[in-house]
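Hi,

Here is the model we talked about, so you can open it alongside this message. My notes on what turned up are underneath.

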Protein chains: 2
Amino acid sequence: MDIFAILQEERSQFSTAEQKIADILLGDFDFAVKASIIELAEKAEVSPPTVTRFCRRLGCQNFADFKVRLAKSAFVGLRYLNPEAKSTEPADVAEDVITKAQNALFLIHRSLDPLILEKAADRLSRADMIYAFGSGGNSSMIASEFQNRLFRLGCRVTASSDHNMQLMFTAAAHSNDVLIGSSFSGRNQELVRCFRLANENGISTIALTQSGSPVADAAEIVIGIDLAEGDNIYRPTSTRFAFLAVVDVLASLVAYRNRKLSTVTLRHIKQQLVEHRDGADDRQILGD
Amino acid sequence: MDIFAILQEERSQFSTAEQKIADILLGDFDFAVKASIIELAEKAEVSPPTVTRFCRRLGCQNFADFKVRLAKSAFVGLRYLNPEAKSTEPADVAEDVITKAQNALFLIHRSLDPLILEKAADRLSRADMIYAFGSGGNSSMIASEFQNRLFRLGCRVTASSDHNMQLMFTAAAHSNDVLIGSSFSGRNQELVRCFRLANENGISTIALTQSGSPVADAAEIVIGIDLAEGDNIYRPTSTRFAFLAVVDVLASLVAYRNRKLSTVTLRHIKQQLVEHRDGADDRQILGD
DNA sequence: CGATCCAAGAAAATAATTTCCATGGAGTGT
DNA sequence: ACACTCCATGGAAATTATTTTCTTGGATCG
C-alpha cells in the first residue's frame with residue numbers, strides 16, 4: 001500500500017543496483033517524483049530496465065504506477081525530510097503547520113498496531129469505570145478528550161490532570177476499572193507512580209506515550225506514539241494530532257463494542273441538545 | 001498548487017472538450033490516476049492532444065506532471081467522496097478515522113484565507129488580554145488549546161467554557177482586549193451574546209465557526225470552518241482536527257509577531273521544566 | 001457573405017518504456 | 001581447479017505512449 005514502508009522493509013533484500021535506486025529515491029525524493037525513468041536510471045547509474053524491475057519488485061505494475069504511488073506517499077509521507085517553512089507569512093505558516101499535522105497522522109497510522117488497539121478497546125469497553133490521566137497542557141487535553149469522547153458512549157469516565165487527585169483516584173479504584181494515561185515525553189513520574197499502584201491492585205493500565213519510556217514500561221498496554229518533532233520552538237507540537245487520532249480510534253472502537261449502549265446514550269444527549277437549543281436542526285453537532 | 005482547486009476555479013472557462021475531461025476527472029478519479037493519456041482521451045471522447053493541452057492549461061508541464069499532481073491531490077483530497085469504512089476492525093477504523101482527519105486538514109488548508117489569518121494574528125499579538133471562549137466539549141477544548149498555546153508565548157490569556165463567566169469576563173474586559181470564540185455549530189447563542197457585548201464595548205472579536213452562522217455574524221473577524229461531517233454518529237467529529245490546526249496556525253503567527261517575548265517566555269518555561277524533572281534532556285517537550 | 005481566429009483532431013515525429021537477449025560474475029558441483 | 005549454472009545487469013530493438021505540427025471545421029465579427 002505504501003511505497004515507503006515497503007522501501008524500508010525490503011531494504012536488506014535489495015541487490016547492489018536496487019540499493020542504488022533506493023538511495024536516490026530516499027535521498028532526492030522530489031527529483032524522483034519528477035524524473036523520467038531514464039533520468040532516474042542515469043542518476044542512480046543503472047540501466048532503465050533495472051529501474052523497471054525494481055518497480056515490479058516493489059509491487060507496482062510499471063514505472064508509471066510506481067510514480068503515482070510515489071507521488072501519493074510524497075504528498076504526506078515525506079515532508080518530514082523537508083526543511084522548515086519558507087517564511088512567517090500566514091500562507092506559509094498554515095501550510096507548514098497543516099502539513100506537519102498531516103504527517104503526524106500519516107506516521108501514527110503506519111505505526112499503530114491493530115492488535116494492541118483491539119486489546120485496549122476491549123479493556124475500555126468492559127471497564128466499570130475509566131480514569132483518564134494526563135498533565136501539562138498537552139496530555140491533559142488528551143485526557144479530557146478521552147472523557148469527552150467516552151462519556152457520550154455511556155462509559156463511566158473521569159479525567160484528571162491533577163497529580164494528587166490522580167493518585168487518590170488510583171488508590172480508590174476498583175479491580176474492574178481501567179486507567180488510561182497520556183504522556184508526550186514518557187517521563188511523567190507521577191503517572192508512572194499511578195500505573196505502578198494500579199498494576200499492584202490488579203487494575204488495567206493503558207498508556208499513550210513514547211515506546212520504551214518510563215511511562216511505557218510501567219503500563220500494561222502501551223500504544224506507542226514515537227514521532228520526531230521538528231525543532232521550531234515557536235510551533236506547537238504536531239504530535240498532538242497523532243495523540244488525538246488515537247483517542248478517536250479508541251473511542252470509535254469502544255462505540256462499536258458497546259453499540260447498543262452507545263446508540264442510546266448518544267440519542268439521549270442529542271435529544272437534550274435539540275430541546276435546549278432553539279431551531280436546532282437534525283445535523284446538530286453533539287457538543288458545540 | 002492543488003489540482004482540485006484549479007479544476008473548480010477555472011471550470012467556467014473550460015471549452016466543451018475540456019469540460020468533458022474535467023467531468024471524467026471528477027467522476028472517476030481512481031481511473032484518471034491510473035489511466036494513460038489515450039485511455040483518458042477515449043473515455044472523455046476527445047483526442048489525446050486535447051488532453052495534453054488541458055494539462056498545460058492547468059499549469060502542468062506535461063501529462064506526466066499532471067498525473068503526479070493528480071495523485072498527490074488524490075491521496076488526501078478526494079477521500080471525502082469515499083464511503084464509510086468497511087468494517088469495525090481496528091485497522092479499518094484507524095484508517096477511516098485518520099483519513100478523515102487528514103481530509104479535514106486538507107480542506108481547512110484550502111479554505112483558509114491568509115488575509116483573515118493575518119488580521120486575526122495581528123489583533124491577538126497586540127492584545128493586552130485574550131479571552132478564549134468555547135463550550136460543549138469540542139469548543140471548550142479549542143478554547144483551552146488557545147490558552148495552552150498562547151500563554152507559552154507570553155500572552156495574557158484565559159480560557160472559559162462557562163457561559164456565565166464568559167459574560168462576566170466580557171463585561172469586565174478592557175478596550176484593548178480580544179475575545180476569541182469557537183463554535184462548531186455556529187449556534188452558540190451565549191457566545192453570540194458575548195460577541196455582541198464585546199463589539200458594543202469596542203473589543204475585538206474573532207470567531208472560529210461556520211461561515212454565515214449566527215456566531216459568525218456576530219463576530220468582527222471570522223475564520224470560517226465549513227466542513228461537511230460524515231454521518232456516522234459513533235465517530236468523533238474530524239472537524240476538531242481542523243479547528244485545532246487553526247489554533248496552531250494562529251499561535252505560530254502570534255509567536256512570530258512577538259518573537260522576542262515568545263522566545264524569552266518559552267525559554268523560561270523550559271528552564272523550569274528541566275530543573276524540575278530529574279534527568280530531563282534537551283528535547284524536553286514543553287508541557288507533557 | 002467572407003475573413004479570421006480558435007478549437008479539435010489526424011498524422012507524424014519524438015520520446016519513453018518494456019521486452020528480449022547477451023554478457024559477466026558468483027557460487028557450486030565434479 | 002575447472003566448468004557449469006543461475007542470476008543479476010545492461011544493451012538494443014521493438015513497442016507503446018506522448019507530444020508536436022499541421023490541417024480542417026466551425027463560430028464570430030466585420
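Starting with the packing: the largest nonpolar core holds 96 residues, and those with the most contacts inside it are A:L208, A:L250, B:L208 and B:L250. Bear in mind throughout that this is a predicted model.

To get a feel for that core, click on B:L250. Leaving aside its neighbours within four places in sequence, B:L250 touches B:L117, B:A120, B:A121 and B:L124, along with B:F146, B:I180, B:L208 and B:I223. There is also a second, separate core, this one of 54 residues, which includes A:A22 and A:L25 as well as B:F14 and B:A22.

Now for the DNA. Strand D has 18 residues around it, and A:S15, B:I37, B:R56, B:N62 and B:F63 come nearest. By class, the residues of this surface are eight nonpolar, seven polar and three charged. Looking from the DNA side, 59% of the strand D atoms within 4 Å of the protein belong to sugar or phosphate, with the rest in bases.

Three polar contacts to pull up:

- A:R53 has a side-chain N or O atom 3.1 Å from a base nitrogen of strand D.
- B:I37 uses a backbone N or O atom, 2.7 Å from a phosphate oxygen of strand D.
- B:T52 puts a side-chain N or O atom 3.1 Å from a phosphate oxygen of strand D.

As for elements, those giving two or more residues to the surface near strand D are α2 (16-27) and α5 (48-57) in chain A, plus α4 (37-44) and α5 (48-57) in chain B. The largest share, four residues, is from α5(B).

Cheers

Terms used: Residues are numbered from 1 along each chain as its sequence is written. Chains are lettered from A and ligands numbered from 1 in the order in which they are written. This is a predicted model: local features need pLDDT of at least 70, side-chain atom pairs count only at pLDDT 80 or more; totals for chains, interfaces and linings use all residues. Side-chain values use heavy atoms; hydrogens and water are left out. A nonpolar core is a set of buried Ala, Val, Leu, Ile, Met, Phe, Trp, Tyr and Cys residues joined through side-chain atoms within 4.5 Å. Buried means under 20% relative accessible area, exposed over 50%, partly exposed in between (1.4 Å probe, protein chains only). Contact means heavy atoms within 4.5 Å. A residue is near a molecule or strand if one of its heavy atoms lies within 4 Å of it. A polar contact is a pair of N or O atoms within 3.5 Å; within protein, one must be able to donate a hydrogen and the other to accept it, and residues adjacent in sequence count only if both atoms are side-chain atoms. Ala, Val, Leu, Ile, Met, Phe, Trp, Tyr, Cys and Pro count as nonpolar, Asp, Glu, Lys and Arg as charged, and the others, Gly among them, as polar.
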